[in-house]
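I opened my notebook to look up a few things about helices, packing and empty space. The entries follow in the order I made them.

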Amino acid sequence: MLPAEIESKIMIPLLRAMVAKRLVYERGYTQEKVAQVLGVTQAAVSNYLRGVRGISSELEKHDELVKWADEVVEAVVKNEPRQEIARRINDALKNIRVMRILCEYHKRVEPDIDVDSCHVCD
């Protein structure tokens with residue numbers, strides 16, 4: 001599996017789910033408003049909230065991921081432009097690669113991969 005596949009199938013939905021949960025449960029946003037600011041459908045937000053998409057209870061507690069999700073939430077609350085919100089999510093994804101968080105998860109998905117000698121994402 002390519003790192004980009006893990007990023008698109010796991011990390012992006014995970015970050016969106018973390019942001020959606022905070023906006024709906026902590027900030028009182030509607031699913032429709034969250035969908036609008038994240039650039040997804042209301043059905044996708046519903047799936048994030050129900051734990052159907054973007055779930056990883058272990059990764060949701062990762063200190064860095066929590067920090068980045070909180071930064072996106074604050075950008076939304078401050079009504080920053082959608083491009084800024086997208087930039088913050090993209091920066092989080094870059095950091096996930098640089099800090100090798102993606103590698104940790106890749107190892108779980110493909111136990112035979114030698115993530116210590118892999119530098120595809122560098």
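Entry one. I began just past the helix α1, where Gly28 follows with a positive phi, near 75 degrees. I note that the model is a predicted one.

Entry two. I went back along α1 itself, which runs over residues 3–26 and has 24 residues. From its first C-alpha to its last I read 32 Å, close to the 34 Å expected at 1.5 Å a residue. Where does α1 have a kink? I found the kink at Met11, shortly before the proline Pro13, and its angle is about 30 degrees.

Entry three. I turned to the largest nonpolar core, which has 37 residues. Met11 came up again, since it is listed with Leu23, Val34, Leu38 and Ile96 as having the most contacts inside this core. At least two residues of the core come from each of α1, α2 (31–38), α3 (42–50), α4 (63–77), α5 (82–98) and α6. Which helix gives the most to this core? I wrote down α1, with 11 residues.

Entry four. I looked for empty space. Searching the whole structure gave 1 cavity of 30 Å³ or more. The largest cavity has a volume of about 80 Å³. Its lining includes Pro3, Arg100, Cys103, His106, Cys118, His119 and Asp122. Sorted by class, the lining holds 7 nonpolar, 2 polar and 2 charged residues. Here helix α6 (residues 101–109) gives the most, with 3 residues.

Terms used:
Residues numbered from 1 in each chain as written. Predicted model: local features only at pLDDT ≥ 70, side-chain atom pairs only at ≥ 80, totals over all residues. Heavy atoms only, no water. 1 Å grid on protein atoms, 1.4 Å probe; cavity = no way out; pocket = protein on both sides within 12 Å on 5 of 7 lines; lining within 4 Å. Points joined across faces, edges and corners; volume = space filled by probe spheres on them. Helix = DSSP H or I, 4+ residues; strand = E, 2+ residues; numbered from the N terminus. Nonpolar A, V, L, I, M, F, W, Y, C, P; charged D, E, K, R; others polar. Expected span 1.5 Å × (residues − 1). Bend = angle between axes of the 7 residues up to and from the residue. Core = buried A, V, L, I, M, F, W, Y, C linked by side-chain atoms within 4.5 Å. Buried < 20%, exposed > 50% of the residue type's maximum accessible area, 1.4 Å probe, protein only.
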